[in-house]
Amino acid sequence: MRKIIAIAGCFLLLAFVAGAQDRTIRGRVTDEKGIALANVSIVVKGTSMGTTSNSDGTFSLTVPSNANTLLVSFVGLADKEINLTSSSEYDITLTAGTRNNLDEVVVVGYGTQRRANITSSVVTVRGAEVENRPYTSVDQALQGKVAGLQAPLSNGQPGAAQPIRIRGIGSFTAGADPLFVIDGVIINAGDLTSLTTTANALAGINPNDIETVTVLKDAQATSIYGSRGANGVIVIVTKKGKPGKTKFRADAEAGYNKRARLPRKARFLNADEYISLLREGGVNAGLSPAAIDEFAHAFGEGSGVDTDWRDVIDRTGTQQQYNLSASGGDLRNQFFLSGSYFDQEATVIGSNFKRYSFRTNYKHIASDALNFIVNLTGSNSIQHTPNSGGAFSNPVGSLPFLRPTQNPFGPNGTLNISEDPDDPTGFSGGAFNPLFIANNDRYKTNTTLIQGSVGGEYTIINNLRFTSRFGIDYNVLEELNFWNQFHGDGVPYVGLLQTNNRRIFNWISTHQLDYSFMFGPDEKIRMDAKVGYESQKSKSYAVASAAQGFPPTNQLFLSVNAATPVTASATEQDFSFAGAYSAVTINYDSKYILSGSFRRDGSSRFSTHHLYGNFWSVGAAWNVDKEDFLSSAAFISSLKLRGSYGTSGNAEIGNYLWRQTIGFGSSYAGQPGGTFNSPGNLDLTWETTHQLDIGLDAGFFKDRLSVVFDFYRRESKGLLFQNPLSATVGFTSFINNIGKVENRGYELTLSGTPLQTRDFSWNLNFNISHNKNKLKALPEGKDLADAPFLLRVGHDIRTFFVREYAGVDPDNGDPLWFVDGTHAETTNVYNEAERQLIGTASPKYYGGLNSTWTYKGIDLTSEFVYNYGNKVRDPWIVYAIDGAYPDLNKYALNLERWQQPGDNTTVPKYVFGSTNNSSSFSTRFLNRGDFIRLRNVTIGYNFNSEMVKHLHISALRIYFRGTNLWTKTYSRNLTIDPEQGINSASNLNIFYTRTMTAGINVTL
C-alpha cells in the first residue's frame, strides 16, 4: 500500500510539468425531423470515454487533446462518426438505420466502459424503469428486470427490507445480500433497525433521482470490490446536470392501495360455518350433546355476532408521491437539484411510510485539467410497522386467533376490550382486538439519512487522470414501541415503552489513477489501466431503554411519565476496511479484449492471522462481428463471446466473531461481574467465492433482436458454520470456515422489436434464469438441522426435511403418512413416519417478461414476473386447519374435510381437540410456489411538443398505472401468496398490495 501511495505522489508531482490538456466539447443531437434525441451514446473513438445526451438532445464531453473522432449511436438509427475540429460546438443529425448495442457506455467497478470492451456479466436498468413506481425503494423495482437476480416482494409493509439474491444463495451464516454502491460510495444497506419488524436503508433514497442501476454478477465484474463482492454488486448512479438550458421537471402521482387477492382457500369461516364445524368436531370427538352445547355457547353461538376480521383490519390505503427537479449548467458548472415527498399507506391498519428527501449533485470544471464534484442527498423517513409473526398485537397475525363470533365493538359502539370469560364476544382467550391495538399501541421508526461525496479529477498528463473522493453515509434511527396499559401485551406492565436510538456513521475515501494509451502497428492496441486505494470505517452507537407503569391515558407514553425504569443500555461497535486495487484492459482493434483485476483487502473483522485477503479475476472477449469472415452475414449486427474466472469475498460475518469476548453487565455478589461470551477463532477468515462465467452477446437483423446468454459456476468456500466443541471447555461450538456450496446455472435474455413502423413499435424483453444449488461440504460431513430444512452434502441448502403426507383414509377420515420413502406402507401415527428430503425453497426457473407498445404518443407497458419449481409453506396453518385448536378460527379449506365413508379428500375428519397431529408439518402443507404475476401495467400519453409549446413547456405526459393486478397460481390448497422468497414461508406479514395510480410528468 505504501508503494501505491508513493506512486500516486509521483504522478501528482508530474502534474506540474504536464503537457497537453483535455478540452470540453458540447453539442446537440437530433433526428432527420429536427426532434431532439435523448440518451444518445457519444463516445471518443478508440477510448472508453463517453457520455449520453439529455432529454433536449444536448451533451457535453471532456475529450483528450489528441482525440480525432466521435462515435454517435442511438437505437433504431444509423451510427455516425464525427470528425473533431478546433470547434467546441457540434450539431449532429442521425438518420434512419441501425446501431451496434456494443457501443453503449456502461458502468463497471470504479469506472465506465464501452459494452464492446466488457468481458464480464453486467446488466443495466435505466432510471426510467424504476422511477414513479409505487415502491418505497429502488431494489423493489428490480424483480424480473435482471436475469439471475431474485427480489421477491414478500412483505406488503411500506419500507420493508428487500431480500435480494444474485445467482443463488452463496452463504449460510454470513450475509448473502449484494453490495450497494451509490455514486462511488459503498453504503450500509439492509435493515439497520433494532426494534422495528422490518425496515430498509435504501428506502431513504428517492428512485426518481436515479440515472442507472447496474448489476455486476460475475467475478470479473465484482472481484475489484474484493472482500465484499461475493454476493454481487449493485452500482447506482444518480442523475447529473448537463450543459444547456436549465430544465425543470415536475412529477405527481396519486392513487390507492388495496389488498391483492388471496387464494380462495385462505378465506376464514363465517360464524355459521364456524359453529357448524365446531359441533361436527364435537360429535366426531365423542363429546356429549351437553358438552357440545356448552362449547358452542362459550365460543359465541347465538351471540348474533358475525365478524370478518380480515375486513376489520383491511383498509384502502392512499398512495402519493411528488417530485420536483432542476438540472442544467454551462461548460464550467453543471448541477442537478431535486426534492420529493412520498407517502404510502398499507392495506392493513397501523402500517404506513412517509419520506421527505432532497438531492443536489454539482460539478465544477475549474480548468481543462481539473474538475470538482459534490453529491449530496438527505431524507427523513417515518415508518409505522406493526409486529409480525404470531404476536397477538400483529393485526395479520391475530386473524387465525380471532373467532367470527368475537365483536370488535362493545354495546355502546366503543372498541371492545372485554376480557370477561363469560362473554363469548370478548377477548379472554388471549387474542387482542386489533382495532384497539392499532389506535393505542405505537410502533414508529424515524430515520434521517445523509449521504454524499466530494471529490475531484485532475488530468496529470495526457491520458493520465487522478481521481480522489471522500464519501459519507450517515443514518440516525429513532425507534419507539409502546404497548398500551388497557388492552394487549402492555397490560401486565401497566404500559410498556421500549426505545432505541442509534446512529451509524460510515465514511469512505477512494483515490484512483487511470491511464490509457495506444501502441503497436497503427496503434491498434489500446490499454486502459487503473490503480487505487480505498479505506472505509463505520461506527455505530445505540442507546436503548425500557420503562413501565404509565398513567391511565394513551397520550403520555414517553418514559418520563413511567413509574418504573426497567432497563437502560448503551452499545458501540465499528468496523473498517482498507484495500488496494488495480485493473487493466487490453484491446486489440476492438476485436480481442483481455482484462484482469486484483485487490488486496484488510478488515478489522478478522484477526491478525488473516487480516488481509487477495482477490483477483481474469477475463477475455472476442468481438466476432469485427472479423472479415462475418462481413457477408448481414443479419448479424453484433456478436461477442466472453469468459471470465476469478475470486471475491464475503466479509458480512459480524464485527467481533474472531475475538474471545467477555460480557459484563451482570452482578456477582453485588459486584460488577462478567461472563465469557464467545471462544473466538483466530483463524476466522473470509468466505471466498470462485466463479466461472461464459457468455455470449449477439444482435441480429440490425439489432432488432438481441440475445445475452451466460453459463456460470459459482463455488463458495470457507462458509461459516458452528464447529462442535466438547462442553467441558464451557462452549458447545465455535464459528469456523468449514462449509462449501455451489451454485451452477444459466441465464438467457432476449430483447427486440418484433414490430416497427413509422408510427408504431413493439419492444419486448424476456429473461429466464435457472440455478441449481448444492452443498459440497459441512462440519465433519454430518447433516445439520435448520428446521424445516436439513443441510446435507449433495443437496440444496434449502431442502425440506419433512414427513410425507399420504392423504386421508376414505373409510374413517384419518390422516395418513408414508412410513418411509418406498411408499410401500402408510400409517395414521405421525411419529411413525420417517422424515425425508422432499422439495426445496429454491426455484428452478424465474424471470420476467416486459412489453412496450407505442403508437404515436400512446404507450402501453406491461411487466410480468414468474417463478417455477419451488415449494412454499404457511407455518401458521397449524392453528387454522383441523381441530387441534377448536377455539380458533379456520380456513375455508376445512370445508373440504372428510365427512362420511367413501369421501375422497386431502382434509381429514374434523375432530374437536384432535391429538392425531394431522395439522403438524408434513408435505400436506408444502405447496407449489409456481406463479405468473402481472407486476405492472402502465398506459400513458406523451403530448406532441407542438401541442404544449403554447404552455411554455417542452414535454407533458399523463399515465395510469396498476401494480400486482393479476396472479396465476398452480396449487389448489394454497393459503398464502406464492411469492415468499428465499425462506419459502409467510410470517403473517402485511398483505400484498394491489395499487392503482394516475400520474403526470411536466418538463419545462
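This passage walks through one helix pair and three buried residues in a predicted model.

The helix pair comes first. Two packed helices are described by the angle between their axes and the distance between the axes. Here the partners are α3, covering residues 271-284, and α4, covering residues 289-298. Their axes sit 10 Å apart and meet at an angle of about 150°. Anything over 145 degrees counts as roughly antiparallel, and α3 and α4 are therefore roughly antiparallel to each other. The crossing of α3 past α4 is right-handed. On the α3 side, the contact is built from I275, L278, R279, G282 and V283, while α4 brings in I292, D293, F295 and A296. Sorted by character, the residues of this contact come out as 6 nonpolar, 1 polar and 2 charged.

Next up is E979, which sits in the loop that links β48 (955-969) with β49 (993-1003). Is this loop residue buried or exposed? With a relative accessible area of 1%, E979 is buried, since the cut-off for that label is under 20%. Its side chain has polar contacts with two others: one of 2.7 Å to the side chain of R933, and one of 2.9 Å to the side chain of Y992. Both R933 and Y992 also turn up in the wider set of contacts made by E979 once neighbours within four places in sequence are left aside. The rest of that set is Q143, P152, L153, S154, F931 and R935. G673 is another matter: 306 residues from E979 along the chain, it has its C-alpha atom 48 Å from that of E979.

N387 also lies in a loop, this one running between β21 (370-384) and α6 (434-440). Its relative accessible area is 18%, so N387 is buried too. What does the side chain of N387 make a polar contact with? The partner is the side chain of S393, at 2.7 Å. Apart from neighbours within four places in sequence, N387 is in contact with T197, S393, N394 and Y443.

The last stop is S851, which belongs to strand β43, residues 845-855. S851 is buried as well, its relative accessible area being 8%. A polar contact of 2.8 Å ties its side chain to that of W762. Setting aside residues up to four places away in sequence, S851 touches W762, N763 and L764, along with L860, T861 and S862.

Technical notes. Residues numbered from 1 in each chain as written. Predicted model: local features only at pLDDT ≥ 70, side-chain atom pairs only at ≥ 80, totals over all residues. Heavy atoms only, no water. Axes fitted to C-alpha atoms, helices over the stretch in contact; angles between N-to-C directions. Helix = DSSP H or I, 4+ residues; strand = E, 2+ residues; numbered from the N terminus. Parallel < 35°, antiparallel > 145°, perpendicular 65-115°, else oblique. Left-handed = near helix turned anticlockwise from the far one by under 90°. Contact = heavy atoms within 4.5 Å. Nonpolar A, V, L, I, M, F, W, Y, C, P; charged D, E, K, R; others polar. Buried < 20%, exposed > 50% of the residue type's maximum accessible area, 1.4 Å probe, protein only. Polar contact = N/O pair within 3.5 Å; in protein donor to acceptor, adjacent residues only side chain to side chain.
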